[in-house]
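Reader: I am new to this structure and would like to go through it slowly, with each term explained as we meet it.

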Amino acid sequence: MNPVLEYMTGMNKLTDDVIAMDFLVTAKSGVRNLAMAVTECVTPEIKGVLERQLEQAIDTHEKITKYAIAKGLYHPFSVHEQFRVDLQQIQTAQSIPFPTP
């Protein structure tokens, strides 16, 4: 999409927000899955590999969380503020015109 149109429709902000929050949810899921995999390991070698990957996944999740908080996209300590941001994103998404076939 044209950058001017993205700015006028709010797509530029929505896209950044959606990507950041999707990345955060995906990272959280990765941490959860790796933690479960560690508990299912039989050999110490595989367990060690998964534990290192888990540490990396936790570090990645922390970086994404800090980014989202700094950008005002994520408010883990204020349910009311997070609800306001979520509603604003919903309203922006609903205002985006869809092309007709």
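Reader: Where does His 75 lie?

Author: This is a predicted model, in which local features need pLDDT of at least 70 and side-chain atom pairs count only at pLDDT 80 or more, while totals for chains, interfaces and linings use all residues. Residues are numbered from 1 along each chain as its sequence is written, and side-chain values use heavy atoms, with hydrogens and water left out. Helices are DSSP runs (H or I, at least four residues) numbered from the N terminus, and His 75 lies in the loop between helix 3 and helix 4.

Reader: Which backbone oxygen does the side chain of His 75 reach?

Author: Contact here means heavy atoms within 4.5 Å, and, leaving aside neighbours within four places in sequence, His 75 is in contact with Glu 81, Gln 82 and Val 85. The backbone oxygen that its side chain reaches, at 3.1 Å, is that of Gly 72.

Reader: Which residues of helix 4 are buried?

Author: Buried means under 20% relative accessible area and exposed over 50%, with partly exposed in between (1.4 Å probe, protein chains only). On the other side of helix 4 from the buried residues, Val 79, His 80, Phe 83, Gln 91 and Gln 94 are exposed. The buried residues of helix 4 are Gln 82, Val 85 and Gln 89.

Reader: How wide an arc do they cover around the axis?

Author: The arc is taken from the directions from the helix axis to the C-beta atoms. The buried residues are on the same side of helix 4, because the arc they cover around the axis is only 60°.

Note on methods:
Helices (H or I, at least four residues) and strands (E, at least two) are DSSP runs, numbered from the N terminus. A polar contact is a pair of N or O atoms within 3.5 Å; within protein, one must be able to donate a hydrogen and the other to accept it, and residues adjacent in sequence count only if both atoms are side-chain atoms.
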